[in-house]
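Subject: Structure handover and findings

Hello,

Here is the structure for you to look over. Please open it alongside this email.

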Amino acid sequence: MKPRIFKTLPREHIQRRFLMGQLIILRLTIFGLLLTLPQWSLAGKANQIIRVGAYDNPPKIALEEKGMVTGFWPDLIEYIGRREHWEIQYVRGTWADCMRKLENGEIDILPDVAYTEKRARRFIFSADPIIVSWSRVYVHKDNRVIQSIEDLKQKKIAALRGSVNFQGAGGFRELSEKFDLNCTFIELDSYDNVFKAVENRIADAGITNRNFGNKFAKNYTVRETPIVFQPIDMKFAFNKSNPLTPLLVSTINRQIKDIKNDDHSVYYQLLSKYFEGEIAERKNIPDWVVTLLEVLAFLLVSFFIITLISRIEVKRKIALINLKDQNLIRSSRKYREIFNATSDAIILHDGETGRILDVNTSMLKMYGYSKEELPSISMENLSSGESPFDKTHGNEKLQLAKTEGEQTFLWRAKRKNGQLFWVEVALKYTDIGGVGHYIAAIRDIQQRKEAEDALAAEKERLAVTLASIGDGVIATDIGGKVVLLNQVAEKLTGWSQREAVGRKLEEIFDIRNEKSGESCKNPVQQVMASGNIIELTNPTLLVARDGTKRPIGDSGAPIRDKQGNLLGVILVFRDLTTKIKSESELLKIRKLESISVLAGGLAHDFNNLLSSILGNISLLKAGIRPDDKNFKLLDEAERATLRATGLTQQLLTFSKGGEPLKEITSIENIIRETTDFILSGSGIQCRYNFDADLFPIEIDAGQISQVIQNIISNAKQAMPGGGLIVLTCKNHISEQEKFLTPGKYVSIRIRDYGPGIAAEIIDKIFDPFFSTKTSGSGLGLAISDSIIKKHNGYIKVSSVPGEGTEFKIYLPAAASSTINPEPQPAKTATLSDLKILIMDDEPVIRNVVKAMLERLGCQVILSNDGAEAVQLYSDSLKADKPIDILIMDLTIPGGMGGKTAVEAVHKLNPDAVVIVSSGYSNDPVMANYSKYGFAAAIAKPFRFGDLKSVLTEVINNNLRS
């Protein structure tokens with residue numbers, strides 16, 4: 001029968017069945033080889049020595065004393081080694097040592113290596129990740145400033161030398177460059193040293209992997225921050241050229257695959273032992289199920305070969321799907337971590353409607369919204385709304401991003417609370433999954449914008465100042481190279497700013513002796529050598545670029561930073577041709593006009609510094625007992641600061657031409673206190689003669705003190721070896737004197753017994769810039785003359801060479817004979833329950849006044865301009881928690897000052913209590929504060945006691961009535 005059967009079958013069918021049989025046999029053979037393949041490896045080489053790198057990185061790898069190596073990775077490799085009959089030999093070193101030895105072939109396997117594409121070109125890696133790690137930033141427990149990556153700007157960062165979280169792709173060095181952080185890096189040999197550097201404040205922050213940080217951060221005085229980055233796979237790494245590497249790689253891959261498929265394997269036991277929780281993905285199909293299926297398939301292969309193959313194929317596809325799902329989840333997790341790690345706000349918009357689809361946590365924090373409010377947020381909610389920051393212009397930006405590519409622009413944004421701020425937007429249109437989307441990356445640049453505006457304003461003020469000066473101005477660095485010329489200097493020298501910058505001063509500023517024609521000494525070198533202001537003492541000619549010669553007057557002064565370090569030299573000079581050909585007085589007036597512009601700015605800035613110094617000194621003084629040894633030192637420092645305050649008022653008076661703030665007082669105390677202060681520590685004795693019944697006079701005590709100070713200082717300098725000054729005050733009644741109007745006066749005579757003043761120069765001593773001293777500015781007596789004239793008085797000088805000099809000052813007596821009483825202690829008032837707003841554009845002043853008020857127990861609110869202060873006061877009224885008192889700076893450059901702001905406040909509440917504060921004490925608002933709506937005035941700088949007295953008076957007069 002069989003022959004007939006074979007004869008009836010087509011030949012092609014027989015061949016097909018034969019080939020199918022051969023294919024089945026081939027598949028069974030391959031399947032059997034696959035089942036036995038795990039037994040092939042280095043196992044056949046008993047006691048094969050495998051060199052494993054070990055660096056200290058607990059809990060993953062720990063180098064114990066006595067040569068022991070423990071941790072997750074050593075236990076895992078020991079387990080594989082026992083199964084493969086390996087003899088593990090550890091090669092210890094730092095992380096950098098191990099990486100170098102792996103590349104040089106001195107070790108066979110290095111565990112715990114972060115996989116990157118760059119490293120994959122140097123080493124071979126195991127197939128599956130052993131663990132997934134990421135990096136985190138840690139700071140000292142007391143540090144509450146660093147909360148986002150932007151807070152790390154210009155900070156010192158500790159990191160493990162050569163680690164991927166420091167120098168690898170996506171590592172912190174790369175993040176630092178991306179965010180322009182300008183960090184200083186401290187590279188160390190272990191994460192333990194990284195935490196120690198943070199703990200000991202050697203570094204502001206440190207970066208470690210999350211395994212080390214989660215395990216050991218509690219052992220140090222550090223805390224974790226929300227800043228995480230660089231999720232990365234950790235694997236085994238192998239040397240590329242090592243002959244053992246192929247077998248090592250295949251063995252490791254097989255062993256890892258086996259133990260990761262078993263939920264109860266040593267792999268998961270080690271994870272639980274060394275880490276805070278499960279940190280690796282598990283397979284969905286348990287190992288015993290796979291093994292059982294393989295055994296059953298092998299036993300029943302002859303009966304169910306086709307079914308088995310189908311099932312294996314199905315399982316392979318399921319495993320592939322599961323792996324893709326796991327990769328998708330891991331990718332999604334990485335995306336979300338990166339999405340939220342940046343300090344920039346990120347907004348994902350629908351490409352058709354512009355509707356917001358997703359935002360990161362930085363966006364919610366920046367704009368003040370919660371995640372639950374996301375569905376209700378629109379682009380209009382996030383914009384100021386005024387043109388060009390409205391919906392129409394926003395849609396134009398979207399269209400440009402779609403048609404022309406990525407757009408970067410500034411935008412006026414709005415927070416949930418209505419606060420407006422500046423942002424920088426990078427807007428891009430992209431295709432995600434076949435659907436168009438807009439991605440907006442938004443950076444808060446409010447502080448940068450404010451700094452830029454302030455810098456622009458400062459540059460504008462400088463440009464205006466330089467343009468307003470009739471003199472030529474050249475500034476150089478300490479090397480004598482030109483860094484700046486104003487327009488006058490360009491005209492006089494013939495060199496433009498662009499051409500002159502970087503050249504030596506001698507090339508630009510060619511000055512020669514008018515008589516001999518010889519080159520004069522370089523004024524920069526003279527200033528650098530002396531550190532003082534210098535003036536040309538001989539007739540000087542400036543030779544311009546075209547050969548034109550002009551007679552000039554020249555002075556040079558050092559430029560110093562806040563610490564007093566010499567930064568360069570500034571030269572001020574002018575063409576004296578007009579002066580020589582015409583009257584000299586015209587040039588003096590121009591000098592006064594030019595220098596007064598600078599004097600006002602300098603005095604204002606110096607006054608602000610004195611406010612901080614005086615305020616802090618008075619705070620310290622208020623906190624110690626009078627019998628404390630430091631009390632006297634603070635008291636003397638306070639007095640000296642008050643003297644310096646007088647100098648600033650002197651400059652302000654000189655620059656602004658304002659009237660003095662007069663009050664009726666006795667002159668005796670002012671004269672004694674000022675004179676004793678100036679002569680303290682010198683060898684000069686002052687003999688006082690005061691009438692017992694001196695007329696009261698109406699004066700600005702600070703300004704008159706400056707006059708006395710200038711005259712006594714000149715006398716002191718005229719008698720460096722010591723001597724005698726006689727100071728006499730008498731009543732004087734003028735009737736027919738040509739220099740005084742009839743009336744009552746107090747005459748002040750100050751006589752020294754020094755060398756005297758030469759007759760040829762005595763008429764010039766009140767001229768601006770005239771001085772016989774090499775270091776003098778020539779302004780002291782000029783300002784004194786100005787002050788006396790503004791008091792409707794008269795000052796004159798007489799001198800006999802070799803016998804001494806005498807100044808006479810006449811000040812009119814007050815119309816009233818009642819002297820203003822000495823300030824009485826304010827009535828006791830409770831200050832601790834007050835809510836007080838401070839408005840000042842200078843942070844140092846806001847901070848010191850805040851400290852004073854907090855010392856008094858007040859609740860303090862800060863504002864840097866009038867508009868903000870008015871808004872804060874309005875908000876307090878709406879919240880039914882009104883601010884009790886507002887202390888407002890009178891002048892805010894580029895913003896709303898107190899004079900305007902108080903009107904806006906009184907519109908909100910006519911009973912609002914506002915105190916005006918200013919360094920310009922001669923401003924009419926300060927003298928007549930009630931006329932402008934203020935309850936009181938306090939001149940800067942002021943002491944702790946001054947502030948307390950003013951507040952107490954205001955409370956008693958306004959809040960407690």
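My notes on the model follow, from the whole chain down to single residues.

**Overall**

Please keep in mind that this is a predicted model. The chain has 961 residues, and 44% of them count as buried. There are 31 helices and 35 strands. Among contacts with a separation of 6 or more, 65% are between residues 24 or more positions apart. The accessible surface is about 50,200 Å². Carbon and sulfur atoms hold 53% of that surface.

**Helix 4 and Leu110**

Start with helix 4, residues 95–104. Its buried residues are Trp95, Cys98, Met99, Lys101 and Leu102. Seen down the helix axis, these buried residues fall within an arc of 165°, so they line one face of helix 4. Gly105 follows the helix, with a positive phi near 80°.

What does Leu110 touch, leaving aside residues up to four places away in sequence? Its partners include Trp95, Cys98, Met99 and Leu102. Those four are also on the list of buried residues in helix 4. The other partners of Leu110 are Gly53, Tyr55, Lys235, Phe236 and Ala237. Leu110 itself lies in strand 5, residues 109–114. Its relative accessibility is 0%, so Leu110 counts as buried; the cut-off is under 20%. Phe125 is 15 residues from Leu110 along the chain, and their C-alpha atoms are separated by 9.6 Å.

**Salt bridges**

How many salt bridges does the count come to? It comes to 34. Three pairs and one network are described here.

Arg254 and Glu84 form one, at 3.2 Å from N to O. Arg254 is in helix 10 (residues 245–260) and Glu84 is in helix 3 (residues 72–84), so the bridge ties together parts that are 170 residues apart in sequence. Are the two side chains at buried or exposed positions? Arg254 counts as buried, at 17% relative accessibility. Glu84 counts as buried too, at 2%.

Arg173 and Glu187 form another, at 3.7 Å from N to O. This pair links helix 7 (residues 172–178), which holds Arg173, to strand 9 (residues 184–188), which holds Glu187. The two residues are 14 residues apart. Arg173 counts as partly exposed, at 29% relative accessibility. Glu187 counts as partly exposed as well, at 30%.

Glu507 and Arg503 also meet in a salt bridge, at 3.0 Å from N to O. Glu507 is partly exposed, with a relative accessible area of 41%. Arg503 counts as partly exposed at 33%. Elsewhere, Glu150, Lys153, Asp344 and Arg443 are joined into one network by salt bridges that share partners.

**Helix 22 and the loop after it**

Now to a nonpolar surface patch. Phe606, Leu609 and Ile613 make this patch, which covers about 260 Å². Leu609 is found in helix 22, residues 584–622. Its relative accessible area is 45%, and Leu609 is partly exposed.

Gly623 lies in the loop between helix 22 and helix 23 (629–656). Is Gly623 buried or exposed? Gly623 is exposed, with a relative accessible area of 55%. The C-alpha atoms of Gly623 and Arg855 are separated by 9.3 Å, although the two residues are 232 residues apart along the chain.

**Helix 27**

Helix 27 covers residues 843–855. At 1.5 Å a residue, its 13 residues should span 18 Å. The end C-alpha atoms are 18 Å apart, which agrees. Which residues of helix 27 are buried? They are Ile845, Arg846, Val848, Val849, Met852 and Leu853. Just after the helix, Gly857 takes a positive phi of about 90°.

**Where to look**

For a quick tour, begin at Leu110 in strand 5. Go next to the Arg254 and Glu84 salt bridge. Then view the patch of Phe606, Leu609 and Ile613. Finish at Gly623, in the loop between helix 22 and helix 23.

Best wishes

Conventions: Residues numbered from 1 in each chain as written. Predicted model: local features only at pLDDT ≥ 70, side-chain atom pairs only at ≥ 80, totals over all residues. Heavy atoms only, no water. Buried < 20%, exposed > 50% of the residue type's maximum accessible area, 1.4 Å probe, protein only. Contact = heavy atoms within 4.5 Å. Areas by Shrake-Rupley, 256 points an atom, 1.4 Å probe, with all protein chains shown as cover. Arc of directions from axis to C-beta. Expected span 1.5 Å × (residues − 1). Patch = residues over 30% accessible without salt bridge, like charges linked within 9 Å, V, L, I, M, F, W, Y side chains within 5 Å. Salt bridge = Lys/Arg side-chain N within 4 Å of Asp/Glu carboxyl O.
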